Amino acid sequence: MEARVKSTVDPDLMTAIQHLHKVIAAGGVDRRLLSLIHLRVSQINGCSPCVHASIEAAKKAGETEERLHNVVAWRETPFFTDAERAALALTEAATRIQDGAPGVTDEIRNAVADHFTEGQLGAMTLEIALTNFFNRINRTNGEQAGKTW
């Protein structure tokens, strides 16, 4: 499969995205967890370039192969902490908001609030939203895994 669109990215858009990444990084969430969030959103949306990129970022941040291979089945594995499980539940609920899905319930919100500050929750929410943004662009344009942006 080949990408549908071959275009350059507007410099103003790149600047805006870089600013969003800075805000996320300043939110106080461990880079490994942000990579797991990015990976889970991308798995749900079937975005191969973002799955690839999040695995590479997670490895650079020190994430293990075992945990990376099990993010897709995080509920059924012993490899994640309660805080990570709450973050992954938030990730799934915020990503799967189509067709009447309940989205982020009070139960999910309260569980994640038990483990993270409001600033961290904001950074995770922005990571989820930005990843969904990238997933939709990549899926629309037919981007392929392994591309270097």
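Which residues does S42 touch, not counting residues up to four places away in sequence? In this predicted model, they are C47, C50, V51, T131 and N135. The tour below begins at that serine and then moves through the helices.

**Stop 1: S42 and the two cysteines**

Select S42 first, which lies in helix α2. With a relative accessibility of 0%, S42 counts as buried. Add the residues in contact with S42, among them C47 and C50, and then display the sulfur atoms of these two cysteines.

A disulfide is a covalent bond between the sulfur atoms of two cysteines. The structure holds zero disulfides. C47 is in no disulfide, and the nearest cysteine sulfur, that of C50, is 3.6 Å away. C50 is likewise in no disulfide, the sulfur of C47 being the nearest cysteine sulfur to it, at 3.6 Å. Because a pair of cysteine sulfur atoms must lie within 2.5 Å to be called a disulfide, a separation of 3.6 Å does not qualify. Are C47 and C50 buried or exposed? C47 is buried, with a relative accessible area of 0%, and C50 also counts as buried, at 4%.

**Stop 2: helix α5**

Next, select residues 82-95, which form helix α5. For its 14 residues, a rise of 1.5 Å a residue predicts a span of 20 Å, and the end C-alpha atoms are indeed 20 Å apart. Eleven of the 14 residues are buried, so α5 is largely enclosed by the rest of the structure. To see them, highlight E84, R85, A86, A87, L88, A89, L90, T91, E92, A93 and T95.

What covers these buried residues? The covering elements include α2 (31-45), α4 (65-70), α6 (106-113) and α7 (118-141). Showing these four helices around α5 displays part of its surroundings.

**Stop 3: from α5 to α6**

Keep α5 in view and add α6. The axes of these two helices come within 8 Å and cross at roughly 145°, and the crossing is left-handed. The contact is made by A86, A87, A89, L90 and A93 on the side of α5, and by I108, A111 and V112 on the side of α6.

The loop between α5 and α6 is the place of I97. Colour I97 separately: this residue is exposed, with a relative accessible area of 57%. A distance drawn from the C-alpha of I97 to that of E107 gives 16 Å, for two residues ten apart in sequence.

Now centre on V112, which lies in helix α6. V112 is buried, with a relative accessible area of 0%. Leaving aside residues up to four places away in sequence, V112 touches A86, A87, L90, L121 and M124. R136 is 24 residues from V112 in sequence, and the C-alpha atoms of the two are 26 Å apart.

**Stop 4: the nonpolar cores**

In soluble globular proteins, nonpolar side chains tend to be buried together. The largest nonpolar core here has 22 residues, and those with the most contacts inside it are L33, V112 and M124. At least two residues of this core come from each of α1 (11-25), α2, α5, α6 and α7. α7 gives the most, with six residues.

Select M124 and show what surrounds it. Not counting residues up to four places away in sequence, M124 touches V29, L33, I37, A87, V112 and F116. Apart from this core lies another, of nine residues, among them L39, L68, W74 and L88.

**Stop 5: α7 and its partner α1**

Finally, display α7 along its whole length. α7 has 24 residues and reaches 34 Å from its first C-alpha to its last, close to the 34 Å expected at 1.5 Å a residue. Just after this helix, G142 takes a positive phi of about 70°.

Add α1 to complete the view. Which residues of α1 and α7 meet? From α1 they are I17, L20, H21, V23 and I24, and from α7 they are A123, L126, E127, L130, F133 and F134. The two helices pack at an angle of about 150°, with their axes 9 Å apart, and α1 passes α7 in a left-handed crossing.

Terms used:
Residues are numbered from 1 along each chain as its sequence is written. This is a predicted model: local features need pLDDT of at least 70, side-chain atom pairs count only at pLDDT 80 or more; totals for chains, interfaces and linings use all residues. Side-chain values use heavy atoms; hydrogens and water are left out. The expected span of a helix is 1.5 Å times one less than its number of residues. Buried means under 20% relative accessible area, exposed over 50%, partly exposed in between (1.4 Å probe, protein chains only). Contact means heavy atoms within 4.5 Å. A nonpolar core is a set of buried Ala, Val, Leu, Ile, Met, Phe, Trp, Tyr and Cys residues joined through side-chain atoms within 4.5 Å. Axes are lines fitted to C-alpha atoms, for helices over the stretch in contact, and angles run from 0 to 180 degrees between N-to-C directions. A crossing is left-handed if the near helix is turned anticlockwise from the far one by less than a right angle, and right-handed if clockwise.
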